[in-house]
Amino acid sequence: MPVNVPKVKFYNGNEVPIFGLGTWKSKPGEVTQAVKDAIDIGYRHIDCAHVYENEKEVGIAINAKISEGVVKRDELFVTSKLWCTFHRTDLVEPAIKQTLSDLGLQYLDLYLIHWPMAYKEGGDLFPKNSDGAIIMSDVDYLDTWKGMEGVLKKGLTKNIGVSNFNSEQIERVIKNSSVKPVTNQIECHPYLTQKKLSAFCKEKDIVVTAYSPLGSPDRPWAKPDDPKLLDDAKLIELAKKYKKTAAQIVIRYQIDRGHVVIPKSITKSRIAENIDVFDFKLSPEDITYIDSFDRNGRICGLSDTAHSPYFPFNIPF
């Protein structure tokens, strides 16, 4: 039997499965089978993005499972993200339409601004000058948000939100818009617990979605001596206590904090293992213990854009 995943309610009454499949770094040749396996196992939430350059392959899998009668479209929750080169208000609608075309869908369940800072429009996804530095655009994310409200109004997506925004940026969006973000998708794991930002979002009735919950061990820029979260002896000890894997412990850690969590895998056995987290809960003491692992260990820093006035990591949270 497929796993039945609990849902979290957004402030607008819409619901999102608390657990889903991340597709960042899943290669086009591998991601179709991974998404098919995930849907067969019981995943109903698929997290995508234009910049991952695999949305066509994700769409093939989704539509195959709909055609087979394994799942109906309205039983799935599909997220995508607006990339930094499409931040101008007038570029948001063409961008979401491209994503919908790639995915073979009529609407998204959630569309996010991927990062608060804008890159030079047109051409490459990572436009660079002669010395290799990213070429920024001066588009204000408030203008981007106007475009997001526009595609929401047109029914191209059922919900809109942000990703990698800090507390000040979220506050600014709320004060200058008619629609509040439903979620802030942020890097979150025991080495980067995001306690303050999580508390801020909860206070604003904005759901936190945790990406890289396993510490993204397959990130391309990892150095051999970087700490590996899933090899942490304290975590392995905790996993033994619960008779679970270290990965299952850190996934459950997010769920017990009320966060939506989207671990990525392309391996069928791992995809099945990652969702097998609804038969136990961590004790409050163990959640506090895992909180103590925090070392501000940010993996996705995008430090080559730190010169942007909208770079999110220049304030505490």
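User: In what order do the eight strands of the open sheet run?

Analyst: Strands pair side by side, and the order tells you who sits beside whom. In this predicted model, the order is β3-β4-β5-β6-β7-β8-β9-β10, and the pairing is parallel.

User: Which strands stand at the edges?

Analyst: Look for strands with a single partner. Here they are β3 (21–22) and β10 (260–261), so each has one side left without a neighbour in the sheet.

User: How many bridges join β3 and β4?

Analyst: Two bridges, in the parallel sense; β4 covers residues 45–47. Within this pair, Leu21 stands opposite Ile46 of β4.

User: Which residues touch the most other members of the largest nonpolar core?

Analyst: A core is read through its contacts. This one has 94 residues, and Val35, Tyr111 and Ile249 touch the most other members. Helix α8 (residues 246–256) gives the most to this core, with seven residues.

User: What does Tyr111 touch?

Analyst: Leave out residues up to four places away in sequence. The contacts of Tyr111 then include Leu82, Val92, Ile96, Met148 and Ile160. Ser80, Lys81 and Asn159 are also among them.

User: What volume does the largest pocket have, and which residues are closest to its centre?

Analyst: Take the volume, then the lining. The volume is about 930 Å³. Of 43 lining residues, Trp24, Lys25, Ser216, Trp221 and Cys300 are the closest to the centre. By class, the lining has 22 nonpolar, 12 polar and nine charged residues. Helix α9 (residues 268–275) gives the most to this lining, with three residues.

User: How much space lies in the second largest pocket?

Analyst: About 390 Å³. Its lining has 20 residues, and Gly215, Arg219, Asp226, Pro227 and Ile299 are the closest to its centre. That lining divides into nine nonpolar, four polar and seven charged residues.

Definitions and conventions. Residues numbered from 1 in each chain as written. Predicted model: local features only at pLDDT ≥ 70, side-chain atom pairs only at ≥ 80, totals over all residues. Heavy atoms only, no water. Core = buried A, V, L, I, M, F, W, Y, C linked by side-chain atoms within 4.5 Å. Buried < 20%, exposed > 50% of the residue type's maximum accessible area, 1.4 Å probe, protein only. Helix = DSSP H or I, 4+ residues; strand = E, 2+ residues; numbered from the N terminus. Contact = heavy atoms within 4.5 Å. Pairing = 2+ DSSP bridges. 1 Å grid on protein atoms, 1.4 Å probe; cavity = no way out; pocket = protein on both sides within 12 Å on 5 of 7 lines; lining within 4 Å. Points joined across faces, edges and corners; volume = space filled by probe spheres on them. Nonpolar A, V, L, I, M, F, W, Y, C, P; charged D, E, K, R; others polar.
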